[in-house]
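Please open the structure in your viewer and keep the sequence panel visible. The tour below proceeds from the whole chain to a single residue and then to two interior regions.

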Amino acid sequence: MFKLVIQDDEGKTTVVPLIRDEITIGRKEGNTIRLTERNVSRRHARILRNNGEVHIEDLGSYNGIRVNNARIAERVSLRVSDQVQIGDYKLYLKAEGLDQVDESRTTPIERVESAGASEPMPIVAGTPTPVPALPTLPPMIGNPNRTLVAIADTDPGRAVGPVTQAAVAALTAPGGYGKLVVLSSNFAGKEFELSRPQMIIGRTDENDIVINHRSISRNHAKLSREPETGRYTISDLQSSNGVRVNGSDYGKVELRRGDVVDLGHVRLRFVEAGEDFVFARDAVITDVPEAGGRRGMLFAVIAAILVLAAVAVVFVMRQRHDDSSASPAPGSGPSGSVPADAGDSAVATAPNAATGPATPETSPGGSAQGAVPAVATDNNAATVQRPGKPEDDKTQQDKTQQEKTQIVKCTEAVVQKDWTALNDCATALRGLGATAKADDFAAKAKQELQNSIFDTDARAALRGGKLKEATGILQKIGSTSVYFKSLSDVVTKAENAQVDDARHRAQSLANVHDCNALKNFVRLLGQGSNATERVVAAAAGVKCVEKVAAANPPPDNPPKPPTGSGGDGASGGSAQAKPGGSSTCDTMNIDDVMMQAQNQYQSGFAPSALKLITKALACKQDLRMLRVAVLYACVAHDAAAAKLYFSKLPAQYQSQLAGRCQQESITLP
């Protein structure tokens, strides 16, 4: 049977028999062997026994494992007398039969190694032993730390079966990816899937996980995923507010199911791969206390120094006052003394020639009766008052200083747009008695939190082209909000772009004297939900003048009508007279009509565009006009006109138009 001898840096040893097929070593409770020093990870190493062989592997520890002074990177085989170093601990593998070890108690290594030896067990590397050499597997990376040794319960009554290779693989095989879920109220419910081998968390956009909070450093922490085991490790990247896991600060630590991770003032929960976690059911929204940060600690230290200084000043002032009170005032005598049981103030008067010696009478309440109040008129009279309480003044000064400090913090929260922190700051101010300021800050936090939602909605509306909706949201925010200026600039820029576009389109219609199309365009803008009043006014401000056709004077030498072979005055081919009469075609500007038709089509009035091009085709026909006529007819759902013009096109132009008309549910032959 194998045994494990554990020696700490003070020479104390513990012997653990390897009666299980799997033994875990780490700082956390639940390990078979618990080493409680800080340089031992929570789950540091695992020792496996199988078919007479013993192997050790690193469980992703921070400081690693060394076997015979060489750091391992993978699971390795252990031989008898190999030295294993975990933190400040040295572990040695022993085999029964080579040395007899008393298992009933902790035995020094000297007794285990050799009876009567006085030196700690030496590192034996490469020494031949009766045990046959075991095959060496590839190595693995690890971590070191030191502590007391605690051995898990090995009650024989508990049935602990052997851990097979299949069971180990099933336990360590990755199933999906873990994730971090935000528990803080300002980002509550936001999830980050940890799908990459290494992911950087920080405040700026170049990070893999971006948490835009003032307490998060630019590059705050790094998450690493072990590809073989699927375990995650988080490391601090020298951030300002550090990394805390379950309330403890760590430079690097392995994450477990349900661990609560605090990065600055943002709290997250680690959800293990495959864990059945539902935020609404399992999460508890909590914020990290402001005082838990390093800045809060700094304020606490400064406050403590100020309090100590104040106490020292009060002590010195009292000492001086006691010294001055101990020496009698010049000219004072028995008649100027103050009774020991006098009240808060007493007045001693000098003797008066008319009334005789003045003797203060003391009332049952302790105040002197018959004494001259406030100021004595005799030059020999002396007024004696009890000293005030300087500590009361100091307390008030401290309170005022705390209030000023809190106001600075509130102002900083406003600049950072951290409304949760501002609300907490207002609560702290209310505790100091500054109710008016606290109410103002609390009201601003509530309003600006709502404005932040408005700002997000307005920008989303702009991305969707809904300028009118974004403008309405901007008016809800109001000019006093910190979000108003930046959002107003974005809305104005988008509105200017729409104004220029509307004016350009309206001017294009006016240039071809298509006033009806211009009126329809302005009407559609006003009825739509995307254009503001300023956009509609820009389009409506474009002037349009209807074109008046001028009658052409009759030619001096009118052409003779052509003669054809049929003798009826008609000629074939393109010279044949088109329907509609020569007077209409003579006065028509074909290019203007085609431009008007195009504007009508682009404005969404395909039927009007078809009518215009039909008039033009009555006077002139070419391939371009026929192709456009087919398109306009299909979009206007005029199947008869589409088939008429389609039949006049050559075959090479028909296939593309047939597909376009098919989209409009019109089938062309």
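Select the whole chain: buried residues make up 36% of its 669 residues. The model is a predicted one. Colouring by secondary structure will display 17 helices and 27 strands. If the surface is shown next, the accessible area comes to about 38200 Å², and 53% of that area belongs to carbon and sulfur atoms. Among contacts with a separation of 6 or more, 54% are between residues 24 or more positions apart.

Next, select His213, in the loop between strand S16 (209-210) and strand S17 (221-225). Is His213 buried or exposed? His213 counts as buried because its relative accessibility is 6%, under the 20% cut-off. Add Asp418 to the selection: a polar contact of 2.9 Å joins its side chain to that of His213. Beyond its neighbours within four places in sequence, His213 is also in contact with residues including Asn186, Phe187, Arg203, His265 and Val266.

Now move to the largest nonpolar core, which has 29 residues; Ile613, Val630, Tyr645 and Leu668 touch the most other members. Helices H13 (590-602), H14 (606-617), H15 (623-635), H16 (639-647) and H17 (654-663) each supply at least two residues of this core. H15 gives the most, with 8 residues. Centre the view on Ile613: leaving out residues up to four places away in sequence, Ile613 touches Met594, Ala597, Met625, Val628, Ala629 and Tyr632.

Finally, select Val536, Ala538, Ala539 and Val542, which are among the 27 residues of another core, lying apart from the largest one.

Methods
Residues numbered from 1 in each chain as written. Predicted model: local features only at pLDDT ≥ 70, side-chain atom pairs only at ≥ 80, totals over all residues. Heavy atoms only, no water. Helix = DSSP H or I, 4+ residues; strand = E, 2+ residues; numbered from the N terminus. Buried < 20%, exposed > 50% of the residue type's maximum accessible area, 1.4 Å probe, protein only. Contact = heavy atoms within 4.5 Å. Areas by Shrake-Rupley, 256 points an atom, 1.4 Å probe, with all protein chains shown as cover. Polar contact = N/O pair within 3.5 Å; in protein donor to acceptor, adjacent residues only side chain to side chain. Core = buried A, V, L, I, M, F, W, Y, C linked by side-chain atoms within 4.5 Å.
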